[in-house]
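Work through the following exercises with the sequence and the coordinates open. Attempt each task before reading its solution.

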Amino acid sequence: MDKNFDAIIVGLGPVGSFMALLLESYGLKVLAIDKDKDTYNLPRAVSISDQGLRMAQSIGLEDIYLDNSSLVGGAGFVDKDLNFIGQSIDFNGMITPNGWPPVRLFHQPYTDKAVREKLIDSSCTVLLEHELVNIDDHADHVEVSIINNVNNEESNYVGHFLIGADGGSSKTRRILDIKQEDLDYDRDWIVIDVKLNDENKLDNKVIQICDPKHLGTFIPAHLPFRRWEFLILNEEDKIEIIKKSKIHELLSLSLIHI
């Protein structure tokens, strides 16, 4: 295998995979590696904007997001009794200058799996279960050492550019000693993803629940999924709040029906 590339991408979540396919579409030779074999199987991100959809369309990924996402009916604020505060925003029929609705809500495990399949079928060189070991940064190129996590064989590659898309615990950042900017937000939230067993009767708007006792957000994710997010108060026990009984209590007080 040729070991010289235009770009080397470390980390194949949605950002790394999207970048690999974008660079490939411009005719660049791309090496894409990830330490895991499969995509992450739990939902994290849940929305894609009109700008994101326009970019996905530019490399033929729009159907992946259309097939695995839902339109948002709008957005609004409610009080602790779930009564709307002022007038909610209606997104129905809205199209932005990018040619897309302002936002669609998707189920990330589905979209990540489909994007990964697209990447595997591309001309990019994809090495799964391979992990970054070292980086030698030169003026006009970069040399990387990569280890195969299956057989522990180490190999070296050269690229004009290196892109670190390996997440919050980025090994790329640690090796290159790249500093992070801390905006000092230190509040914890609990995120509850639910798969509905029955017909959906919940609102199709993104709702901010303005309850001072439990600030929360309701997100009408791609059916059959729904998401709630609640701020964990300083006096609350982080272990207690993730117990099933407490989660049921939080949800029972925030079911916003159509």
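The exercises below treat strands, helices, cores and salt bridges in turn.

The model is predicted: local features need pLDDT of at least 70, side-chain atom pairs count only at pLDDT 80 or more, and totals for chains, interfaces and linings use all residues. Residues are numbered from 1 along each chain as its sequence is written, and side-chain values use heavy atoms, with hydrogens and water left out.

**Exercise 1. The strand β2**

Task: Determine which strands pair with β2 and in what sense, and decide whether the residues of β2 are buried or exposed.

Solution.
Step 1. Helices (H or I, at least four residues) and strands (E, at least two) are DSSP runs, numbered from the N terminus. Two strands pair if DSSP finds at least two bridges between them.
Step 2. β1 and β2 pair in the parallel sense over 4 bridges; here Val 10 is opposite Ile 33 of β2.
Step 3. The connection from β1 to β2 passes through α1, and this β-α-β crossover is right-handed. The term applies if, with the strands pointing away from the viewer, the path from the first strand over the helix to the second runs clockwise.
Step 4. Strand β8 (residues 125–128) also pairs with β2 in the parallel sense, over 4 bridges. In this pairing Leu 31 stands opposite Thr 125.
Step 5. Buried means under 20% relative accessible area, exposed over 50%, and partly exposed in between (1.4 Å probe, protein chains only). In β2, 5 of the 5 residues are buried, so the strand is largely enclosed by the rest of the structure. Val 30, Ala 32 and Asp 34 point one way, whereas Leu 31 and Ile 33 point the other way.

**Exercise 2. Buried sides of two helices**

Task: For α2 and α6, list the buried residues and establish what packs against them.

Solution.
Step 1. In helix α2 (residues 50–58), the buried residues are Asp 50, Gly 52, Leu 53 and Ala 56. They span an arc of only 155° around the axis, which places them on the same side of α2. The arc is that of the directions from the helix axis to the C-beta atoms.
Step 2. The cover over these residues of α2 includes α1 (14–25), β3 (47–49), α3 (62–67) and β7 (103–106), where contact means heavy atoms within 4.5 Å.
Step 3. After α2 comes Gly 60, with a positive phi near 75°.
Step 4. In helix α6 (residues 244–252), Ile 247, Leu 250 and Leu 251 are buried. Their arc is only 95° around the axis, so they lie on the same side of α6. These residues pack against β12 (189–195) and β15 (225–231).

**Exercise 3. Nonpolar cores**

Task: Identify which residues have the most contacts inside the largest nonpolar core and which elements supply the core.

Solution.
Step 1. A nonpolar core is a set of buried Ala, Val, Leu, Ile, Met, Phe, Trp, Tyr and Cys residues joined through side-chain atoms within 4.5 Å. In soluble globular proteins, nonpolar side chains tend to be buried together.
Step 2. The largest core has 23 residues, and Ala 20, Leu 61 and Tyr 65 have the most contacts inside it.
Step 3. At least two residues of this core come from each of β1 (4–10), α1, β2 (30–34), α2, α3 and α4; α1 gives the largest share, 5 residues.
Step 4. Beyond four places in sequence, Tyr 65 touches Ile 48, Leu 53, Ala 56, Arg 104, Phe 106, Thr 111 and Val 115.
Step 5. A second, separate core of 14 residues includes Ile 192, Leu 202, Ile 232 and Ile 247.
Step 6. Thr 111 belongs to helix α4 (residues 108–120) and is buried, with a relative accessible area of 0%. Among its contacts beyond four places in sequence are Ile 64 and Asn 68.

**Exercise 4. Salt bridges**

Task: State how many salt bridges the whole structure contains, and examine the pair formed by Glu 131 and Lys 171.

Solution.
Step 1. A salt bridge is a side-chain nitrogen of Lys or Arg within 4 Å of a carboxyl oxygen of Asp or Glu. A search of the whole structure finds 12.
Step 2. In the pair of Glu 131 and Lys 171, the closest N and O atoms are 4.0 Å apart. Glu 131 lies in strand β9 (residues 130–137) and Lys 171 in helix α5 (residues 171–176), so the pair ties together parts that are 40 residues apart in sequence. Glu 131 is partly exposed at 25% relative accessibility, as is Lys 171 at 27%.
Step 3. For Asp 177 and Lys 179, the closest N and O atoms are 3.1 Å apart, and both residues are exposed.
Step 4. Asp 193, Arg 227 and Glu 229 are joined into one network by salt bridges that share partners.
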